Amino acid sequence: MASLMQADLLSISKSNTYQLLKPQLDIVLFEIIFPLMCFNDNDEKLWREDPHEYVRKGYDIIEDLYSPRTASIDFITELVRKRGKENLQKFLTFIVEVYRRYDEAAPGYKPYRQKDGALLAVGALCDKLKQTEPYKSQLEQMLVQHVFPEFRSQVGHLRAKAAWVAGQYASINFADQRNFSAALHSVVAGLRDPELPVRVDSVFALRSFVEACKDLNEIRPILPQLLDEFFKLMNEVENEDLVFTLETIVDKFGEEMAPYALGLCQNLAAAFWKCMQSAEAEEDLDESGALAAVGCLRAISTILESVSRLPHLFPQVEPILLPIMQRMLTTDGQEVFEEVLEIVSYMTYFSETISLEMWSLWPLMINALDDWAIDFFENILVPLDNYISRSTEHFLTCKEPDYQQSLFKVLSSVMTDKNIEDHDIEPAPKLIEAVLQNCKGRVDQWVEPYLRITIDRLRRTEKKYLKDLLIEVIANALYYNPHLTLNILQKLAVATEVFNLWFHMLQEVKKSGQKANFRREHDKKVCILGLTSLLSLPSELLPEESLRQIFRAVLDLLVAYKEQVAETAKNNEDEDDDMDAWKTDDDEEEEDDSDKEMGVDTEDGDEVDSQRLHKLATQVHAGDEDDDSDDDFSDDEEFQSPIDNVDPFVFFSEIMKVMSVSDLRRFQILTQSLDFHYQAVANAVAHHAEERRVEIEKEKAEKAASGVVGKQ
């Protein structure tokens, strides 16, 4: 039956096949499609004998693939989307007639199953009805008259369907806010319904009401009881939608969830272990159980994020979450590895300190990365960086285990492996950067080993972004200790090779005229700090010609960096305006849709979609020809680094001032050899450095003043 529906579905889009279907459409619609949407004997039997299986089937995406009911819903929604002008009014007239017969019938003779099908149809058509007049303006009346009364129905499946439909329309603008409130409280009451499917559908609907709720005082007083009902239900059913609703509540209330954070994590951890125990008992984790397990971990992450500004809570939840992290960072947790790493990231970033118990996770992640988890390297990068940057002293001083040695071992293994793609290597140089920047002056013994594996990989990498990152390892090493790093490069007989490649990459441009490399602000800043550090070396270590080349390269980088910072600031200012523009466009589009009588039929719509896709593909292909593909380029959003507080202009200016005092002749040769263009650039850079110095001092003073006020 489902496959036949799919054939009919395809016939709707094509004009010629639709004309063949049209004479029989009423029969198909009202004698085949609608009856399949109605509650039936099999539903009744399953509801009564095995409500858990009823719930599982209702939320199982695999079941949907073979369900005649789902196929019927798909047919209706596609019909009104593509052929709405001819069919929407006709179908809704039929639904209204079902409502009328139901309302007029005596209690013992009401067509409960047909009412269930009619509610399902109205819920399935919500997207169309919410944007099409005259139905859009009549939705609240329809809900009040035909949906909300079923919250009190003696028939369980109608109570469940009323909750589901109410959730579908929770986001509409209620003219009478009391109707929204009444529906919300009815849905909440449904969480305590004696029938399990009603409770589950009520949870599903509650998510939509929480998202749409404008006054959280509607929910705030009942929040503790609400959470209790959630976890009672989670003990009964493994369903990801339960967790999605919980995530929505946590998102909505944010730090107000702090009093419940410990209890939430305890319950979610218990629910997670229950899923895993079920999997072990059955020797496999079914689809719903797997999604529920993942959902529990995602909800834990959401809770940790919501209380991120309350670091004192993290030691309280750590003992609850630590067993999950310890077990699931092994091969036992491959199915949930990414979600567990996110929890580790939150625990190592937002807590005031990283405990020794949390440090016990380091070897697990290193072993996983070395053995099987290379595909998760980007996810592992975050907690490893947190350990290095937020617990630097322990990273440097602990010898059992030796974290420095274990890190080098795994990075060396990854970077020297010719079978690992360039893309998968990218987190490695980022971790080397974390070591060099956070441990400045304390890891001299590791500079040469890291430079060796970096240069080895640099010689055979093809990906532009990885080349950037590898060159930045060298730049970070120069910033760490220019004298030591230059000596190592000369010892390895690669200094000329490295600097020639670096300067070539700085000059390389795309066909569009944009610089090809070091495109992020952070990339430019690292290069500036590394090259500028070379200017501090004695004259016998750096020939005058090399000095001049480095000096000009730094000036170019400073100009490019200043322009990019200004552009980013401007984009941030314009962001709100852009969002308003998007909203305006959407509103206009919605108004256009609303003006359509029953919607406009979209004949041969698939061909139109294909043309749009072809146009997009052409644009992408054109971009590839221009070599403007961003590859792995990403902006600096939320990027944090130990050099954030180092202003490159001030850093450059101070090194030049030291040179002017310690080696005036060299300073004069360097500045006087500049042509007119670079003299102007140097003057502008010096002026901007002074401006930045004043701004930084002002920011420090304001911060100090606010700190004093805060203590009073």
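1. Let us start with R460, which is partly exposed, because its relative accessible area is 27%. Here buried means under 20% relative accessible area, exposed means over 50%, and partly exposed lies in between, with a 1.4 Å probe and protein chains only. R460 and D456 join their side chains in a salt bridge, 3.4 Å from N to O. A salt bridge is a side-chain nitrogen of Lys or Arg within 4 Å of a carboxyl oxygen of Asp or Glu. D456 is also partly exposed, since its relative accessible area is 32%.

2. A word on what you are looking at: this is a predicted model, in which local features need pLDDT of at least 70, side-chain atom pairs count only at pLDDT 80 or more, and totals for chains, interfaces and linings use all residues. Residues are numbered from 1 along each chain as its sequence is written, and side-chain values use heavy atoms, with hydrogens and water left out.

3. Now for the whole chain. The secondary structure comes to 36 helices and zero strands. Both are DSSP runs numbered from the N terminus: helices are H or I with at least four residues, and strands are E with at least two. The protein chain has 712 residues, and 49% of them count as buried. About 35,000 Å² is exposed, with carbon and sulfur atoms supplying 50% of that area; accessible areas come from the Shrake-Rupley method with a 1.4 Å probe, and for residues only the protein chains shown count as cover.

4. How much of the contact total comes from residues 24 or more positions apart? Among contacts with a separation of 6 or more, such residues account for 78%. Contact means heavy atoms within 4.5 Å.

5. Back to salt bridges: the whole structure holds 39 of them. One of these joins the side chains of K430 and E378, at 3.6 Å from N to O. This pair links distant parts of the chain, with K430 in helix α26 (residues 427-438) and E378 in helix α22 (residues 377-390), 52 residues apart. E378 counts as partly exposed because its relative accessible area is 40%.

6. Two other charged groups deserve your attention. R520 forms a salt bridge with D523, and their closest N and O atoms are 2.7 Å apart. Are R520 and D523 buried or exposed? Both R520 and D523 are buried. Elsewhere, a network of salt bridges links E97, R100, R101 and E104.

7. Helix α15 (residues 240-253) is where you find D251, and I249 is found in α15 too. D251 counts as exposed because its relative accessibility is 56%, whereas I249 is buried because its relative accessible area is 0%. Not counting residues up to four places away in sequence, I249 touches L206, V210, L223, L226, F230 and M257. I249 and I303 are 54 residues apart in sequence, and their C-alpha atoms are 9.9 Å apart in space.

8. Which residues form a negative surface patch with D251? They are E305, E338 and E342. Patches are made of residues with over 30% relative accessible area and no salt bridge; like charges are joined within 9 Å, and nonpolar side chains (Val, Leu, Ile, Met, Phe, Trp, Tyr) within 5 Å. Asp and Glu count as negative and Lys and Arg as positive, while His and the chain ends are not counted. The place of a charge is taken as NZ of Lys, CZ of Arg, CG of Asp or CD of Glu.

9. Next, some backbone details to check by eye. Most residues other than glycine have a negative phi, and most peptide bonds are trans. The peptide bond from E133 to P134 is cis, with omega near 10°, and P134 is in the loop between α9 (126-129) and α10. Likewise, the bond from E400 to P401 is cis, with omega near 5°; P401 is in the loop between α23 (392-397) and α24 (403-416).

10. A493 is not a glycine, yet its phi is positive at about 60°. A493 lies in the loop between α29 (482-491) and α30 (495-507), and counts as exposed because its relative accessible area is 65%. F518, also not a glycine, has a positive phi of about 50°. F518 sits in the loop between α30 and α31 (521-534), and counts as buried because its relative accessibility is 2%.

11. Finally, look at S153, in the loop between α10 (139-147) and α11 (156-168). Why does S153 count as buried? Because its relative accessibility is 9%. Leaving aside neighbours within four places in sequence, S153 is in contact with L158 and R159.
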